[in-house]
Amino acid sequence: MATIFSPSPILSSSTTTATTTTKTSQKQPHPPLFPATKPPSLTALITTTLAATTLLTSSPPSSLAVDTYNIYYGTAASAANYGGYGGNSDKKASAEYIYDVPDGWKERLVSKVEKGTNGTDSEFYNPKKRTEKEYLTFLSGFRQLAPKDVILNNLALSDVDLQDLIASANNVASEEKKDDKGQLYYVYEIDGVGAHSLITVTCTNNKLYAHFVNAPAPEWSRDEEMLRHVHESFKTVGSF
């Protein structure tokens, strides 16, 4: 094994005129055990600091952040023909509308009484925040849409929560859209004090369909992109 220390000095002597001179070899410096490294540049230090700050201050992802959805096929069956959850053996074949449901959301069973009184046909919710939800209502006997403000007011008549949201809203926006087949849709966005709502209304098959996406303000801020996707996924069967 090589020794770290240099060997003992080598002694050499030379004689001159009765005088003896002793020469001692110079001890050579040891090479450094750890080579010196160049200190990082100021730019590198700043970049590293900013990266660490970003990791520490970035908002944590939603506990229910999703990138997959399930298609729901709604039949808009009347209360008299409503068979409850799973009552229709082939919903896809008899569906009148569809919309996307975030993976992990739960379906709420709609009772015949509820279906008969306010026309609720289907509903899904976030199991960690039940007021973050989407649902659809329908009413029979409508051949065409009334003006936008009339439709929204009529929807609020049978929905107390919607009434309160509109009454306290910071802003209520509405617009008309048509799909590639010319079917007309009313689109509403209600920005309330403590909640946000996206509503799509259309009329076909002699029925009026209204699709709602609601979320409390904190969930809206967190899940806006996902909720807008769900909102825009609603279509009646004849329009896709």
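**Entry 1. The second largest pocket**

I began with the second largest pocket, where S8 (171-178), S9, S10 and H6 each supply at least two residues of the lining. The model I am reading is a predicted one. S8 gives the most to this lining, with 5 residues. I counted 18 lining residues in the record of the pocket, and Lys177, Val187, Thr200, His231 and Glu232 lie nearest its centre. By class, I noted 8 charged, 6 nonpolar and 4 polar residues in the lining of the second largest pocket. Its volume came out at about 350 Å³.

**Entry 2. The largest pocket**

I then turned to the largest pocket, with a volume of about 630 Å³. Its lining has 29 residues, and I listed Tyr135, Asp159, Asp161, Leu162 and Asn214 as the closest to its centre. Which elements each supply at least two residues of this lining? I found helices H3 (112-118), H4 (148-157) and H5 (160-167), together with strands S6 (120-126), S7, S10 and S11. The lining of the largest pocket divides into 13 nonpolar, 9 polar and 7 charged residues. I noted that S10 is listed for the largest pocket and also for the second largest pocket.

**Entry 3. Strand S10 and its partners**

I therefore looked up S10 (residues 195-204) next, to ask how many of its residues are buried. The strand is mostly covered, with 8 of 10 residues buried, that is, under 20% relative accessible area.

On one pairing, S9 (residues 184-191) runs antiparallel to S10 and is joined to it by 7 bridges. These two strands form a hairpin with 3 residues between them. I located Leu198 of S10 as the bridge partner of Glu189.

S10 also pairs with S11 (residues 207-216), again in the antiparallel sense, over 10 bridges. Here Leu198 has Val213 of S11 as its bridge partner. The hairpin of S10 and S11 has 2 residues between the strands, and I noted that Asn205 takes a positive phi near 55° there.

**Entry 4. The nonpolar cores**

I next examined the largest nonpolar core, which has 19 residues. Which residues have the most contacts inside it? I recorded Tyr97, Tyr99, Leu136, Tyr209, Leu227 and Phe234. Strands S4 (97-102), S7 (129-140) and S11 and helix H6 (217-232) are the elements that give two or more residues to this core. H6 provides the largest share, 4 residues. A second core, separate from the largest one, has 17 residues, including Tyr135, Ile151, Leu155 and Tyr186. I had already met Tyr135 among the residues closest to the centre of the largest pocket.

I followed Tyr209 further, leaving aside its neighbours within four places in sequence. Its contacts include Tyr97, Leu136 and Phe234, which I had listed with Tyr209 in the largest core. Among its other contacts are Thr200, Val201, Thr202 and Thr204, as well as Ala76, Glu96 and Thr236. Thr200 also lies among the residues nearest the centre of the second largest pocket.

**Entry 5. The three-stranded sheet**

Last, I traced an open sheet of 3 strands, in the order S3-S4-S12, with antiparallel pairing. Its edge strands are S3 (69-74) and S12 (235-236), each of which pairs on one side only. S4 and S12 pair over 2 bridges in the antiparallel sense. I found Tyr97 opposite Thr236 in S12, and both residues also appear among the contacts of Tyr209.

Definitions and conventions
Residues numbered from 1 in each chain as written. Predicted model: local features only at pLDDT ≥ 70, side-chain atom pairs only at ≥ 80, totals over all residues. Heavy atoms only, no water. Buried < 20%, exposed > 50% of the residue type's maximum accessible area, 1.4 Å probe, protein only. Pairing = 2+ DSSP bridges. Core = buried A, V, L, I, M, F, W, Y, C linked by side-chain atoms within 4.5 Å. Contact = heavy atoms within 4.5 Å. 1 Å grid on protein atoms, 1.4 Å probe; cavity = no way out; pocket = protein on both sides within 12 Å on 5 of 7 lines; lining within 4 Å. Points joined across faces, edges and corners; volume = space filled by probe spheres on them. Nonpolar A, V, L, I, M, F, W, Y, C, P; charged D, E, K, R; others polar.
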